[in-house]
Amino acid sequence: PPPSKSPPSSPKSFVESLISKMTIPEKIAQMLMIEVWFDDPAQRDTFNTAPVSELIQKHGIGGILGGGNSFWPMSERTLRRIAKDVQYSAMAHRNKIPIMFGIDAVHGNALIRGSAIFPHNIGLGSMVNDTDLMFRMGQVVAEQLRSTGMHLAFSPCLAVPVDMRWGRAYEGISSDEFVVSKLGRAYLEGLQTGPHRVIGCPKHLAADGG
């Protein structure tokens, strides 16, 4: 069933009322972000969402992680179908809380076939002062995320690598924290601005490459 079209008169009181009716297991489930999975790589474009949908509907899971370990790459159409299935499963739970679907989109919606792919962060850092380009890149990524039913981008990566022998140094924009801050902020604002905006999730913070 679709959610109610009439917004609550007071969001704060609505949330407090909803939480007061939730059981402890339901509150725990809302804090979980589970991963969609598949058994056979050949089935990724005919992916059966039934197992994960049943979990969502039964427990009221709060989030879905589109991580890099499960079912990639896949088509935009397939991911849209998965997003729709899990959203309807969330709304079939008694609490009717929409589910949050997040995906790793550090330099483009790279896990989806046909998406625009930009240079990785180590290349983007060479722009140094072009915050406008980073902002516009964030808007492109956001639009391509929304086209597949995603709400959350696990980016920008704000690692500040200080030793290039680190295996994930390429994920860092720069070893200069000022450049990382400036370009990372521009990208984040691009993600979160405009009609196709999504929620950005800066990562991985402390000790990532330090």
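**Figure 1. Residue N121 in helix α5 of the predicted model.** Helices are DSSP runs of at least four residues, numbered from the N terminus. The structure shown is a predicted model. Helix α5 comprises residues 121-124, and N121 is found in this helix. N121 counts as buried because its relative accessibility is 3%, the limit for that class being under 20%.

**Figure 2. Surroundings of the N121 side chain.** A polar atom of the N121 side chain lies 2.8 Å from the backbone oxygen of E171. E171 is also among the residues that N121 touches when those up to four places away in sequence are not counted. The other residues touched on this basis are V106, C157, Y170, G172 and I173.

**Figure 3. The open sheet of 5 strands.** The strands follow the order β1-β2-β3-β4-β5, and their pairing is parallel. Strands β1 (33-35) and β5 (199-200) stand at the edges; each has a single partner strand, so one side of each is left without a neighbour in the sheet. Strands of a sheet pair through backbone hydrogen bonds, in either a parallel or an antiparallel manner.

**Figure 4. Pairing of β2 with β1 and β3.** Strand β2 spans residues 63-66, and strand β3 spans residues 100-103. Between β1 and β2 there are 3 bridges in the parallel sense. I34 has I64 of β2 as its bridge partner. I64 in turn has a bridge partner in β3, namely F101. The pairing of β2 with β3 is likewise parallel and extends over 4 bridges. G63 is bridged to M100 of β3.

**Figure 5. Pairing of β3 with β4.** Strand β4 consists of residues 152-153 and pairs with β3 in the parallel sense. The pairing of these two strands runs over 2 bridges. At one position, I103 has A153 of β4 as its bridge partner.

**Figure 6. A nonpolar surface patch that includes I28.** Four residues, I24, I28, M31 and L32, make a nonpolar surface patch of about 440 Å². I28 lies in helix α2, which covers residues 24-30. The relative accessibility of I28 is 44%, and I28 therefore counts as partly exposed, a class that lies between the limits of 20% and 50%. I28 thus contributes to the patch as a partly exposed residue, whereas N121 in helix α5 is buried.

Methods: Residues are numbered from 1 along each chain as its sequence is written. This is a predicted model: local features need pLDDT of at least 70, side-chain atom pairs count only at pLDDT 80 or more; totals for chains, interfaces and linings use all residues. Side-chain values use heavy atoms; hydrogens and water are left out. Buried means under 20% relative accessible area, exposed over 50%, partly exposed in between (1.4 Å probe, protein chains only). A polar contact is a pair of N or O atoms within 3.5 Å; within protein, one must be able to donate a hydrogen and the other to accept it, and residues adjacent in sequence count only if both atoms are side-chain atoms. Contact means heavy atoms within 4.5 Å. Patches are made of residues with over 30% relative accessible area and no salt bridge: like charges are joined within 9 Å, nonpolar side chains (Val, Leu, Ile, Met, Phe, Trp, Tyr) within 5 Å. Accessible areas come from the Shrake-Rupley method with a 1.4 Å probe; for residues, only the protein chains shown count as cover. A salt bridge is a side-chain nitrogen of Lys or Arg within 4 Å of a carboxyl oxygen of Asp or Glu. Two strands pair if DSSP finds at least two bridges between them.
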